[in-house]
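Me: I'd like a close look at a single part of this structure, with some of its surroundings added for context. Could you walk me through it in one go?

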Amino acid sequence: MTDWLTAAEWEAVRLSLRVALWATAVSLPFGIFVAYALARWRFPGREVLNIVVHLPLIMPPVVTGYLLLLAFGTQGPVGGFLDRVFGVTFAFRWTGAALASGVMAFPFLVRAVRLSIEAVDPKLEEAAATLGATRTWIFLTVTLPLIVPGILAGTVLAFAKGMGEFGATITFVSNIPGQTQTIPLAIDLALETPGGGARAARLAVLSVALAALALAVSEWVSRRVAARIGGRDA
Amino acid sequence: MLEVALKQEMPGFTLDVAFEAPAGLTVLFGRSGAGKTSIVNAVAGLSRPQAGRIVADGRVLLDTGAGIWLPPHRRRVGYIFQEGRLFPHMTVRRNLAYGARFAPAHTPREDMARVVEMLGIGALLDRRPGALSGGEKQRVAIGRALLAAPQLILADEPLAALDEARKAEILPYFERLRDEVNVPILYVSHAASEVGRLATSVVALEDGRVLRQGPAAEVLGDPAVLPAGAREAGAILVAHVARQHADGLTELEAGGVPLFLPRLDRAEGAPVRLRIAAHDVILSRHKPDGLSALNILPGTVAELRPGAGPGVMVALDTAAGRVLARITERSATAMGLAPGVALHAIVKSVSVAPGDVGGEPA
């Protein structure tokens with residue numbers, strides 16, 4: 001079964017999955033927190049936060065990659081600090097690819113989760129408070145279960161974005177086989193290599209299949225959750 | 001005992017009230033916009049009043065003078081909302097149990113089995129709210145509030161979203177709550193029929209002020225309160241259109257009793273809610289004869305409520321439903337009225353309840 005992809009191509013697939021999984025998993029809690037803050041709290045700087053979160057969606061990915069390079073490169077203020085104190089390096093590593101994917105996927109995640117939080121009636125949260133629940137407990141037992149479909153949708157979008165991120169990644173961490181060469185970067189390289197067309201096509205088909213699978217799974221789970229919330233005893 | 005004093009300035013509306021709610025069921029009675037819900041939300045901690053003091057059985061929930069504001073989850077208040085507000089993703093059982101874990105360990109609490117039995121919701125425990133009727137949801141909401149071991153129960157027009165049949169289904173549970181649960185209940189209503197049936201005491205509100213407060217019979221029987229405090233006293237009957245007559249009258253039927261109204265443009269069989277104002281009813285011990293009135297309902301006296309002035313409110317049970325009549329105490333004495341006495345209610349005018357057929361007008 002491994003015959004139809006070369007070892008290098010498998011490497012790209014594995015790397016893409018790893019990058020997308022880490023990018024999604026790490027940004028998920030932050031994404032839910034930011035979405036909740038934007039949906040429920042009124043605080044100074046709320047609009048600024050909203051804009052910053054959405055910038056990667058609007059800016060050219062190359063610019064995002066360049067800014068990441070400035071901030072998280074080994075010489076950058078944040079990257080240098082993390083390198084010295086925690087030994088975490090982003091420059092030209094898969095971790096950097098994951099960071100770039102996470103930043104690019106973040107607005108998708110926040111939008112989906114925020115919409116679902118806004119759809120939760122705050123009156124239910126009030127009711128929980130009168131029954132004695134603290135804010136944390138209300139979030140865990142009332143808000144969170146009701147926004148599971150939104151979180152799933154956001155996660156799938158973020159994961160798909162992570163699998164497919166190109167511009168910011170190649171700008172930030174370059175195209176290094178085994179380290180930062182995810183599927184899209186491998187396709188790009190294949191297209192620039194004479195005779196690489198077949199390789200590009202195989203990787204493209206794989207990309208489409210993975211994306212379709214992710215969507216199908218999330219649809220299925222969302223429907224089950226929605227049925228439960230809707231009152232039918234699933 | 002609950003003591004409430006609140007002051008809140010809002011654009012175009014000022015709330016300035018002070019009242020006490022003793023044990024039993026106290027109705028906050030007044031029209032929409034009188035400030036009832038603002039008061040209940042302040043008691044529950046869902047709003048922060050500009051100035052005020054709320055003390056429940058010696059516990060200070062709010063004292064703006066002393067800078068005290070207890071957050072809602074620490075107030076031990078069981079709030080029954082108009083729309084139920086059940087958690088849609090939980091079964092009835094988990095909804096009921098939600099508040100129990102937060103009650104301090106030593107507090108006496110209601111037993112789940114007893115509450116389930118009292119509210120008749122045993123068959124619903126494994127369902128989710130989406131699969132319940134409006135009346136069932138409201139019964140579960142009552143149980144959920146009760147099982148949180150509250151020191152005070154708040155109910156904000158808990159019947160307003162229900163149709164007449166559902167209301168009749170839920171009212172007895174509030175009567176049981178009042179009679180069997182030893183917790184003060186603050187109940188918001190603008191429906192005179194609910195007040196008459198449930199209230200131990202009444203706080204009549206108008207435009208953000210307390211018009212009158214005291215024992216229910218006293219406040220409701222006070223002719224000064226009723227017309228101003230809310231829609232004036234009067235009974236509501238549920239009827240349906242029986243037939244249209246050629247002389248321009250519409251015949252309705254309520255519980256087998258015919259009632260005549262000027263032409264009502266509704267189809268035969270259509271349900272109609274009627275309001276009979278207490279001051280539009282004349283009582284007679286004998287079946288009247290040779291009278292111009294068309295609508296005469298035979299019934300028996302259920303209750304007499306003397307007021308502070310010369311008036312008496314007489315509640316009459318008829319086949320069509322309960323009718324209220326406001327007469328003078330002098331007449332009541334002369335006629336020898338007492339519970340159980342058979343009478344005829346002569347209805348001078350019947351009005352179709354405004355708004356609609358079915359729901360409670362807002």
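Where in chain B is the place of B:His89?

Reply: Happy to. Please keep in mind throughout that this is a predicted model.

B:His89 sits in the loop between strand 7 and helix 2 of chain B. This residue is buried, because 22 other C-beta atoms lie within 10 Å of its own, and the cut-off for calling a residue buried is 20 or more. For a sense of distance, take B:Phe174, which is 85 residues from B:His89 along the chain; their C-alpha atoms are separated by 26 Å.

A residue in chain A makes a useful contrast. A:Arg42 also belongs to a loop, the one between helix 1 (7–40) and helix 2 (46–58) of chain A. With 6 other C-beta atoms within 10 Å, A:Arg42 is exposed, since the limit for that class is 12 or fewer. From A:Arg42 to A:Phe106 the sequence separation is 64 residues, and the C-alpha to C-alpha distance is 21 Å.

Back to the setting of that histidine. Strand 7 (77–80) and helix 2 (92–97) of chain B, the two elements that flank the loop of B:His89, are both included in what covers the buried residues of helix 4 of chain B. Helix 3 (112–119), strand 8 (152–156) and helix 5 (164–180) of chain B are also part of that cover.

Helix 4 itself deserves a moment. It spans residues 134–147 of chain B, 14 residues in all, and reaches 20 Å from its first C-alpha to its last, close to the 20 Å expected at 1.5 Å a residue. The helix is mostly covered, with 12 of its 14 residues buried. Among the buried ones are nonpolar residues such as B:Val140, B:Ile142, B:Leu146 and B:Leu147, but B:Glu136, B:Lys137, B:Arg139 and B:Arg144, which count as charged, are buried too. As background, an α-helix has 3.6 residues a turn, so residues three or four places apart point the same way. Just after helix 4 of chain B, B:Ala149 takes a positive phi of about 50 degrees.

Next, the nonpolar packing. The largest nonpolar core holds 126 residues, and B:Val43, B:Leu154 and B:Leu186 touch the most other members. Its largest share, 15 residues, is supplied by helix 5 (residues 94–118) of chain A. Leaving aside residues up to four places away in sequence, B:Leu186 touches B:Leu2, B:Ala21, B:Thr26, B:Leu28, B:Val40, B:Val43, B:Leu152 and B:Leu154. Apart from this core lies another one of 30 residues, including B:Leu283, B:Val314, B:Val323 and B:Val350. In general, nonpolar side chains tend to be buried together in soluble globular proteins.

B:Val314 leads us to a sheet. Strand 18 of chain B covers residues 311–318, and B:Val314 stands opposite B:Ala325 in strand 19 of chain B. The bridge partner of B:Met313 in strand 19 is B:Arg326. Strands 18 and 19 of chain B pair in the antiparallel sense over eight bridges, and a hairpin joins them through two residues. Strand 17 (residues 295–306) of chain B is joined to strand 18 by seven bridges, again antiparallel; here B:Gly299 stands opposite B:Thr318. Six of the eight residues of strand 18 are buried, so this strand is largely enclosed by the rest of the structure.

The whole sheet is open and antiparallel, with five strands of chain B in the order 16-20-17-18-19. At its edges are strand 16 (281–284) and strand 19 (321–328), each pairing on one side only. From one strand to the next, the twist averages 45 degrees.

Finally, the partner chain. Chain A has 11 helices and zero strands, and its C-alpha atoms fill a box of roughly 65 × 45 × 30 Å along the principal axes. Buried residues make up 39% of its 234 residues. Of the contacts in chain A with a separation of 6 or more, 74% link residues 24 or more positions apart. Where the two chains meet, the contact takes 22 residues from chain B and 19 residues from chain A. On the side of chain B that touches chain A, 14 residues are nonpolar, four are polar and four are charged.

Technical notes:
Residues numbered from 1 in each chain as written. Chains lettered and ligands numbered in written order. Predicted model: local features only at pLDDT ≥ 70, side-chain atom pairs only at ≥ 80, totals over all residues. Helix = DSSP H or I, 4+ residues; strand = E, 2+ residues; numbered from the N terminus. Expected span 1.5 Å × (residues − 1). Contact = placed C-beta atoms within 7 Å. Core = buried A, V, L, I, M, F, W, Y, C linked by C-beta atoms within 7 Å. Pairing = 2+ DSSP bridges. Axes fitted to C-alpha atoms, helices over the stretch in contact; angles between N-to-C directions.
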